[in-house]
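Colleague: Thanks for sitting down with me. Could you put the model up so that we can go through it together?

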Amino acid sequence: MKLLLAAVALAALIHQGTSINCYYCTNNSAQPNPVDPNCSTPDYADPNFIHEWADADGCRTAVYTDGTVERGGAWGHPNGECHPGWDHTTCYCTGELCNNQFCDWADCENP
Ligand SMILES: *[C@@H]1O[C@H](CO)[C@@H](O)[C@H](O)[C@H]1NC(C)=O
Ligand SMILES: *[C@@H]1O[C@H](CO)[C@@H](O)[C@H](O)[C@H]1NC(C)=O
């Protein structure tokens, strides 16, 4: 019994370390993410569009030049990393549900 409890506790610990909850949405139906017209709002907080990403260690926000916003999970990017692109900017963060913002908080000037 003790061993079983230890195994369960260990599994919970490992599980916690390898998954993260991120907002998962887009307001562009051409993208594969679940569509929420509100995904492009500045302080996004819709509990219906939270996804638990197994094996992810961060969250991602992509802001397109036309105003479209896409949110999801990410792997291997430090908090505040930002990649400006020709039609969209992608930034990364590493906390639970941290991708509720746009990218203006991230270091987008010095990628
Ligand atoms: C979008 O946000 C507005 C204002 O918070 C809310 O009334 C509406 O139900 C939301 N739409 C969806 C599809 O969740
Ligand atoms: C997403 O929302 C933004 C801001 O409201 C808007 O500018 C943009 O056109 C929307 N994208 C799509 C594909 O509807």
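Colleague: Lovely. Which residues surround ligand 1?

Modeller: A word on conventions: this is a predicted model, where local features need pLDDT of at least 70, side-chain atom pairs count only at pLDDT 80 or more, and totals for chains, interfaces and linings use all residues. Residues are numbered from 1 along each chain as its sequence is written, with chains lettered from A and ligands numbered from 1 in the order in which they are written. A residue is near a molecule if its C-beta atom, placed from the backbone, lies within 6 Å of it. Around ligand 1, that gives Asp36, Pro37, Asn38 and Asp46.

Colleague: And how many charged residues does the shell around ligand 2 have?

Modeller: That shell consists of Asn27, Asn28, Ser40, Asp66, Gly67 and Thr68. Asp, Glu, Lys and Arg count as charged, Ala, Val, Leu, Ile, Met, Phe, Trp, Tyr, Cys and Pro as nonpolar, and the others, Gly among them, as polar. The shell around ligand 2 has no nonpolar residues and five polar ones, and its charged residues number one.

Colleague: What is the strand order in the open sheet of five strands?

Modeller: Helices (H or I, at least four residues) and strands (E, at least two) are DSSP runs, numbered from the N terminus, and the protein chain has one helix and seven strands. Two strands pair if DSSP finds at least two bridges between them. The edge strands of this sheet, each pairing on one side only, are strand 2 (25–26) and strand 6 (82–84). With antiparallel pairing, the order is 2-5-4-7-6.

Colleague: Which residue in strand 5 is the bridge partner of Val63?

Modeller: Strand 4 (residues 58–64) and strand 5 (residues 69–74) pair in the antiparallel sense over six bridges. In strand 5, the partner of Val63 is Val69.

Colleague: Now to Ser19: why does this residue count as partly exposed?

Modeller: Ser19 sits in strand 1 (residues 19–23). A residue is buried if 20 or more other C-beta atoms, placed from the backbone, lie within 10 Å of its own, exposed if 12 or fewer, and partly exposed in between. Ser19 falls in that middle class because its C-beta neighbours inside 10 Å number 16.

Colleague: Which residues is Ser19 in contact with, leaving aside its neighbours within four places in sequence?

Modeller: Two residues are in contact if their C-beta atoms, placed from the backbone, lie within 7 Å. For Ser19, the partners are Glu52, Trp53, Ala54, Asp55 and Ala56.
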